[in-house]
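Subject: Structure handover and notes on its architecture

Dear colleague,

Please find below the structure that I promised to pass on to you. My notes on its fold and helix packing follow directly after it.

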Amino acid sequence: MENKMWTYIDEQKDVLTNILNQEEKILSSLPDAFINKKEIIITASGSSLNAAMLVKTMLEKEIGCLIQVETPFQLRYYSPLLHLPHKHKLLIVLSQTGKSIGTLECLQIAKNNYIPTIAITADNKSPIAIQADTHINMPCGKEPVGPKTKGFTATVLTLHLMIMKLFQLSSQSIIKEYHQSINELPQNIQHAKKWCEEHNEWAKAKAMSIVGFGINYPTAREGTLKILETMQIPVMNFDMEEFMHGPHRTIVNHSYLIMVETKGAGEVLMKNLIHFAKSKTENHLIISTFQEANQQTIHIGEYPMTSSWLNIVVIFQVICTYLPEINGMNSSDPIYGDFATTVGTRIA
């Protein structure tokens, strides 16, 4: 059976270019009343949660507004955020399918407390799209597989552009950089495939750790989710500095470690971690905007406004699709296809 994930990975170039080209149309339904809110709350699960964390890290300081990111469960039962009415709050919910039960319940709580809501989904007829005050349709097409690829990158891009518009920031420069970043994707995909071809032994890994910092801590989280979903092995994910407070003890001769190296406040610490890891295990991969490509490094272009998150995440997408195939696994095949509806987290 064909692995559909390769198709969805390749489709990202066209999907994301289309979102950039249709930015004005996609965001045309945003009400003026939502402009410059004092507090943004975002709730999502899985890849959508990682997308929310990534956009928060890119924009929170720039817009000067608190962006709270919570899982639907925490937001419903343990957080006061939706239970304290405030006219300056805005709830944004992310769900590619638009059928997450927890997210839908958060919309109802917000409505009960007069908090306005925006939903970003890929289905304008979904329950979440209908329930929200405003729906932003994300034109990424269908992606009927568990591990999301184009859905994740489309969510990040749409949310990024939407929050910039809500705070009246010019998107001209960021759109230009995104176009450049998108044009590099085919090259990134080929480089990642080549690395996988030369490192088949990684398919036998029993566990893995992935470390990033700043904007690319959420990117590393998404890579972690993709690899554990497809290889079905334990994969740990850490903010770089937190990794140095205990989890670093997992770096041993037979361990597998992926480190994301980009410019930013943590680049010196990451350089030190890489130097240390090289002396402890041969099974390490560096995804880097600094270092040239070699047996243990995949080089990507530097895009300073986005910290190259898009070009990094596509490396993880290739790895999570290629390595399982070595083990005879098709990562687009359904595993426990009825799980979400059986346990009660998604509407059938």
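Contact, as the word is used in these notes, means heavy atoms within 4.5 Å. Helices (H or I, at least four residues) and strands (E, at least two) are DSSP runs, numbered from the N terminus.

This is a predicted model, in which local features need pLDDT of at least 70 and side-chain atom pairs count only at pLDDT 80 or more, whereas totals for chains, interfaces and linings use all residues. Residues are numbered from 1 along each chain as its sequence is written, and side-chain values use heavy atoms, with hydrogens and water left out.

Overall dimensions

The secondary structure of the protein comes to 14 helices and ten strands, and its C-alpha atoms fill a box of roughly 55 × 40 × 40 Å along the principal axes. The radius of gyration (taken over C-alpha atoms, with a globule rule of 2.2 Å times the number of residues to the power 0.38) is 20 Å, which agrees with the value near 20 Å that a compact globule of 348 residues would have.

The two sheets

One open sheet is formed by five strands in the order β2-β1-β3-β4-β5, with parallel pairing, where two strands pair if DSSP finds at least two bridges between them. Because β2 (66–70) and β5 (134–137) stand at the edges with a single partner strand each, one side of each is left without a neighbour in the sheet. Neighbouring strands of this sheet are turned by 20° against each other on average, direction ignored; for axes in general, lines are fitted to C-alpha atoms, for helices over the stretch in contact, and angles run from 0 to 180 degrees between N-to-C directions. Strand β1 (residues 39–43) runs parallel to β2 and is joined to β2 by five bridges, and T43 stands opposite E70 in β2. Helix α7 (residues 150–166) packs on this sheet and touches β1, β2, β3, β4 and β5, its direction making about 165° with that of β3. Helix α5 (residues 101–112) lies across β1, β3 (89–94) and β4 (117–121), and runs at about 165° to β3.

Another open sheet of five strands has the order β7-β6-β8-β9-β10, again with parallel pairing. Here β7 (235–239) and β10 (297–299) stand at the edges, each with a single partner strand, so one side of each lacks a neighbour in the sheet. The twist from one strand to the next averages 15°. Strands β8 (residues 257–261) and β9 (residues 284–288) run parallel and are joined by five bridges, with L257 standing opposite H284 in β9. Helix α12 (residues 267–278) lies across β6 (208–212), β8 and β9, at about 155° to β8.

Helix packing

Two packed helices are described by the angle between their axes and the distance between the axes. Angles under 35 degrees count as roughly parallel, over 145 as roughly antiparallel, 65 to 115 as roughly perpendicular and the rest as oblique. A crossing is left-handed if the near helix is turned anticlockwise from the far one by less than a right angle, and right-handed if clockwise.

Helix α1 (residues 4–21) and α9 pack at an angle of about 160° with their axes 10 Å apart, and are therefore roughly antiparallel to each other; their crossing is right-handed. In this contact W6, I9, D10, Q12, K13 and L16 of α1 meet L185, P186, I189 and K193 of α9. These residues divide into six nonpolar, one polar and three charged, where Ala, Val, Leu, Ile, Met, Phe, Trp, Tyr, Cys and Pro count as nonpolar, Asp, Glu, Lys and Arg as charged, and the others, Gly among them, as polar.

Helix α9 (residues 185–198) also packs with α13, their axes coming within 9 Å and crossing at roughly 40°, so that α9 and α13 are oblique to each other. The crossing of α9 and α13 is right-handed, and the residues that meet there include I189, A192 and W195 in α9 and V314, V318 and Y322 in α13. By class, this contact has eleven nonpolar, two polar and two charged residues.

Helix α10 (residues 216–231) and helix α13 (residues 309–326) pack at about 10°, with their axes 9 Å apart, and are therefore roughly parallel to each other.

With best regards
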